[in-house]
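Welcome, and thanks for opening the viewer. Let's walk through a few stops together, one selection at a time.

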Amino acid sequence: TTIVAACAISENARKVQEIWSGPRFRVYTSDDPAGVEIGGAVKNVIAIAVGCSDGMGFGDNTRAALITRGLAEMKRFVLGFGGKTETLSGLAGIGDLIVTCTSVHSRNHYVGEKLGRGEKIKDILGSMQMVAEGVWNSKVIYELSRASGVEMPICELVYKLCYEDFDAKMAVDAMMNRTLKSE
(Lines give C-alpha, C1' and ligand atoms only; values in the text may rest on other atoms or scores of the structure.)
Protein backbone atom coordinates (compact mmCIF):
# COMPACT_ATOMS: atom_id res chain seq x y z
CA THR A 1 0.00 0.00 0.00
CA THR A 2 0.99 3.64 -0.16
CA ILE A 3 0.52 6.55 2.23
CA VAL A 4 1.57 10.18 2.52
CA ALA A 5 3.60 11.53 5.45
CA ALA A 6 3.01 15.29 5.59
CA CYS A 7 4.97 17.79 7.60
CA ALA A 8 5.84 21.45 7.11
CA ILE A 9 9.42 20.43 7.89
CA SER A 10 10.37 18.24 4.92
CA GLU A 11 13.19 16.52 6.81
CA ASN A 12 10.71 15.17 9.37
CA ALA A 13 8.49 13.74 6.64
CA ARG A 14 11.55 12.11 5.06
CA LYS A 15 12.45 10.50 8.40
CA VAL A 16 8.98 8.95 8.59
CA GLN A 17 9.38 7.83 4.99
CA GLU A 18 12.71 6.12 5.71
CA ILE A 19 11.49 4.43 8.90
CA TRP A 20 8.19 3.09 7.56
CA SER A 21 8.83 2.32 3.88
CA GLY A 22 9.24 -1.34 3.01
CA PRO A 23 8.71 -3.85 0.23
CA ARG A 24 4.90 -3.65 0.47
CA PHE A 25 4.42 -0.31 2.23
CA ARG A 26 5.56 2.80 0.36
CA VAL A 27 5.59 6.21 2.00
CA TYR A 28 5.54 9.41 -0.03
CA THR A 29 6.24 12.79 1.53
CA SER A 30 4.46 16.12 1.39
CA ASP A 31 5.22 19.53 2.83
CA ASP A 32 1.50 20.36 2.85
CA PRO A 33 -0.12 19.02 6.04
CA ALA A 34 -3.15 21.29 5.54
CA GLY A 35 -3.81 19.90 2.06
CA VAL A 36 -3.38 16.30 3.20
CA GLU A 37 -5.60 16.72 6.27
CA ILE A 38 -8.32 18.66 4.47
CA GLY A 39 -8.32 16.20 1.57
CA GLY A 40 -8.73 13.36 4.05
CA ALA A 41 -11.72 15.00 5.70
CA VAL A 42 -13.57 16.25 2.63
CA LYS A 43 -13.25 12.97 0.68
CA ASN A 44 -15.30 11.26 3.40
CA VAL A 45 -18.16 13.67 2.82
CA ILE A 46 -17.99 13.25 -0.95
CA ALA A 47 -18.06 9.47 -0.45
CA ILE A 48 -21.38 9.82 1.39
CA ALA A 49 -22.76 11.75 -1.60
CA VAL A 50 -21.51 9.07 -4.03
CA GLY A 51 -22.98 6.33 -1.85
CA CYS A 52 -26.28 8.18 -1.78
CA SER A 53 -26.27 8.35 -5.57
CA ASP A 54 -25.51 4.64 -5.81
CA GLY A 55 -28.24 3.86 -3.28
CA MET A 56 -30.72 5.78 -5.42
CA GLY A 57 -29.76 3.69 -8.44
CA PHE A 58 -27.88 6.34 -10.41
CA GLY A 59 -25.06 5.12 -12.61
CA ASP A 60 -21.41 5.59 -13.42
CA ASN A 61 -21.80 9.05 -14.96
CA THR A 62 -23.37 10.41 -11.79
CA ARG A 63 -20.63 8.80 -9.68
CA ALA A 64 -17.95 10.35 -11.90
CA ALA A 65 -19.67 13.74 -11.77
CA LEU A 66 -19.84 13.68 -7.97
CA ILE A 67 -16.21 12.62 -7.66
CA THR A 68 -14.93 15.29 -10.05
CA ARG A 69 -17.14 18.08 -8.71
CA GLY A 70 -16.24 16.88 -5.22
CA LEU A 71 -12.58 17.30 -6.12
CA ALA A 72 -13.37 20.87 -7.19
CA GLU A 73 -14.89 21.46 -3.74
CA MET A 74 -11.83 19.93 -2.09
CA LYS A 75 -9.58 22.31 -4.03
CA ARG A 76 -11.61 25.38 -3.06
CA PHE A 77 -11.59 24.35 0.58
CA VAL A 78 -7.85 23.57 0.60
CA LEU A 79 -7.09 26.96 -0.96
CA GLY A 80 -9.36 28.70 1.53
CA PHE A 81 -7.47 27.18 4.44
CA GLY A 82 -3.88 27.57 3.33
CA GLY A 83 -3.20 24.27 1.58
CA LYS A 84 -1.88 23.58 -1.90
CA THR A 85 -4.28 22.36 -4.59
CA GLU A 86 -1.53 20.30 -6.24
CA THR A 87 -1.52 18.08 -3.14
CA LEU A 88 -4.97 16.92 -4.20
CA SER A 89 -3.58 15.55 -7.49
CA GLY A 90 -1.84 12.77 -5.58
CA LEU A 91 -2.59 10.00 -3.12
CA ALA A 92 -3.91 12.30 -0.39
CA GLY A 93 -6.41 13.81 -2.81
CA ILE A 94 -7.73 12.04 -5.86
CA GLY A 95 -6.25 8.69 -4.80
CA ASP A 96 -8.01 8.68 -1.45
CA LEU A 97 -11.14 10.19 -2.98
CA ILE A 98 -11.47 7.44 -5.59
CA VAL A 99 -11.01 4.57 -3.16
CA THR A 100 -13.33 6.02 -0.51
CA CYS A 101 -16.04 6.74 -3.08
CA THR A 102 -15.89 3.36 -4.80
CA SER A 103 -14.78 0.72 -2.31
CA VAL A 104 -17.24 -1.80 -0.90
CA HIS A 105 -15.28 -1.39 2.36
CA SER A 106 -15.94 2.35 2.65
CA ARG A 107 -17.99 3.16 5.74
CA ASN A 108 -18.85 6.59 4.34
CA HIS A 109 -20.07 5.16 1.03
CA TYR A 110 -22.13 2.65 3.04
CA VAL A 111 -23.83 5.46 5.00
CA GLY A 112 -24.59 7.29 1.78
CA GLU A 113 -26.01 4.19 0.14
CA LYS A 114 -28.40 3.70 3.05
CA LEU A 115 -29.42 7.38 2.93
CA GLY A 116 -30.04 7.00 -0.81
CA ARG A 117 -32.38 4.10 -0.07
CA GLY A 118 -34.40 6.29 2.29
CA GLU A 119 -33.06 5.16 5.67
CA LYS A 120 -32.68 7.69 8.49
CA ILE A 121 -29.20 8.68 9.65
CA LYS A 122 -29.82 7.76 13.30
CA ASP A 123 -30.88 4.25 12.28
CA ILE A 124 -27.89 3.83 9.98
CA LEU A 125 -25.39 4.98 12.57
CA GLY A 126 -27.11 2.96 15.28
CA SER A 127 -26.61 -0.23 13.28
CA MET A 128 -22.91 0.36 12.59
CA GLN A 129 -20.03 -0.99 14.66
CA MET A 130 -17.50 1.42 13.14
CA VAL A 131 -17.39 5.19 12.65
CA ALA A 132 -18.19 6.91 9.37
CA GLU A 133 -16.11 10.07 9.77
CA GLY A 134 -17.89 11.82 6.90
CA VAL A 135 -21.01 12.36 8.99
CA TRP A 136 -19.11 14.42 11.59
CA ASN A 137 -16.82 15.91 8.91
CA SER A 138 -19.85 17.20 7.01
CA LYS A 139 -20.87 19.34 9.99
CA VAL A 140 -17.42 20.84 10.49
CA ILE A 141 -16.91 21.44 6.77
CA TYR A 142 -20.37 22.99 6.45
CA GLU A 143 -19.75 25.37 9.34
CA LEU A 144 -16.25 26.35 8.16
CA SER A 145 -17.31 26.80 4.54
CA ARG A 146 -20.23 29.02 5.55
CA ALA A 147 -18.04 31.11 7.83
CA SER A 148 -15.32 31.52 5.20
CA GLY A 149 -17.52 31.88 2.12
CA VAL A 150 -16.10 28.82 0.37
CA GLU A 151 -18.77 27.30 -1.89
CA MET A 152 -19.27 23.59 -1.07
CA PRO A 153 -22.65 22.52 -2.53
CA ILE A 154 -22.12 18.75 -2.36
CA CYS A 155 -20.78 18.93 1.19
CA GLU A 156 -23.63 21.25 2.18
CA LEU A 157 -26.22 18.77 0.93
CA VAL A 158 -24.52 15.89 2.74
CA TYR A 159 -24.67 17.99 5.90
CA LYS A 160 -28.40 18.50 5.33
CA LEU A 161 -28.89 14.76 4.77
CA CYS A 162 -27.11 14.00 8.03
CA TYR A 163 -28.31 16.85 10.26
CA GLU A 164 -31.44 18.46 8.82
CA ASP A 165 -33.55 15.43 7.88
CA PHE A 166 -33.22 16.20 4.17
CA ASP A 167 -34.01 13.19 2.04
CA ALA A 168 -32.00 12.09 -0.97
CA LYS A 169 -34.60 13.20 -3.54
CA MET A 170 -34.60 16.71 -2.05
CA ALA A 171 -30.80 16.75 -2.26
CA VAL A 172 -30.84 15.74 -5.94
CA ASP A 173 -33.41 18.44 -6.73
CA ALA A 174 -31.37 21.04 -4.83
CA MET A 175 -28.18 20.08 -6.66
CA MET A 176 -29.67 19.98 -10.13
CA ASN A 177 -31.59 23.25 -9.71
CA ARG A 178 -28.57 25.30 -8.67
CA THR A 179 -27.63 28.32 -10.78
CA LEU A 180 -25.93 27.20 -13.98
CA LYS A 181 -22.17 27.88 -14.16
CA SER A 182 -19.10 27.17 -16.21
CA GLU A 183 -16.62 24.60 -15.02
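Start by selecting D54, D60 and R63: these residues are linked in a network of salt bridges. Keep in mind as you look around that this is a predicted model. How many salt bridges does the structure hold? There are 16, and we will visit some of them. As background, side chains of opposite charge can pair when their charged atoms come close.

**Stop: E183 and R69**

Now select E183 and R69, which form a salt bridge. Put a distance label on the closest N and O atoms, and you should find them 3.2 Å apart. Then look at where the partners sit along the chain: R69 belongs to helix α3 (residues 60-80), while E183 lies in the segment after α9 (168-176). The pair links distant parts of the chain, 114 residues apart. Turn on the surface here. E183 has a relative accessible area of 81%, so this residue is exposed. R69, at 32%, is partly exposed.

**Stop: K120 and D165**

Next, select K120 and D165, another salt bridge, with the closest N and O atoms 3.2 Å apart. Where in the chain are the two partners? K120 is in the loop between α5 and α6 (121-127), and D165 is in the loop between α8 (153-163) and α9. These are again distant parts of the chain, with 45 residues from one partner to the other. With the surface still on, check each side: K120 is partly exposed, its relative accessible area being 41%, whereas D165 is exposed at 55%.

**Stop: E113 and R117**

Select E113 and R117 for one more salt bridge. Here the closest N and O atoms are 3.1 Å apart. Is R117 buried or exposed? Its relative accessibility is 53%, so R117 counts as exposed. E113 is partly exposed, with a relative accessible area of 22%.

**Stop: helices α5 and α7**

For the last stop, colour helix α5 (residues 107-116) and helix α7 (residues 133-148). Their axes come within 8 Å and cross at roughly 80°. Angles from 65 to 115 degrees count as roughly perpendicular, and α5 and α7 are therefore roughly perpendicular to each other. To see the contact itself, show the side chains of R107, N108 and V111 on α5, then add E133, G134 and V135 on α7. Sorted by class, this contact has two nonpolar, two polar and two charged residues.

Terms used. Residues numbered from 1 in each chain as written. Predicted model: local features only at pLDDT ≥ 70, side-chain atom pairs only at ≥ 80, totals over all residues. Heavy atoms only, no water. Axes fitted to C-alpha atoms, helices over the stretch in contact; angles between N-to-C directions. Helix = DSSP H or I, 4+ residues; strand = E, 2+ residues; numbered from the N terminus. Parallel < 35°, antiparallel > 145°, perpendicular 65-115°, else oblique. Contact = heavy atoms within 4.5 Å. Nonpolar A, V, L, I, M, F, W, Y, C, P; charged D, E, K, R; others polar. Salt bridge = Lys/Arg side-chain N within 4 Å of Asp/Glu carboxyl O. Buried < 20%, exposed > 50% of the residue type's maximum accessible area, 1.4 Å probe, protein only.
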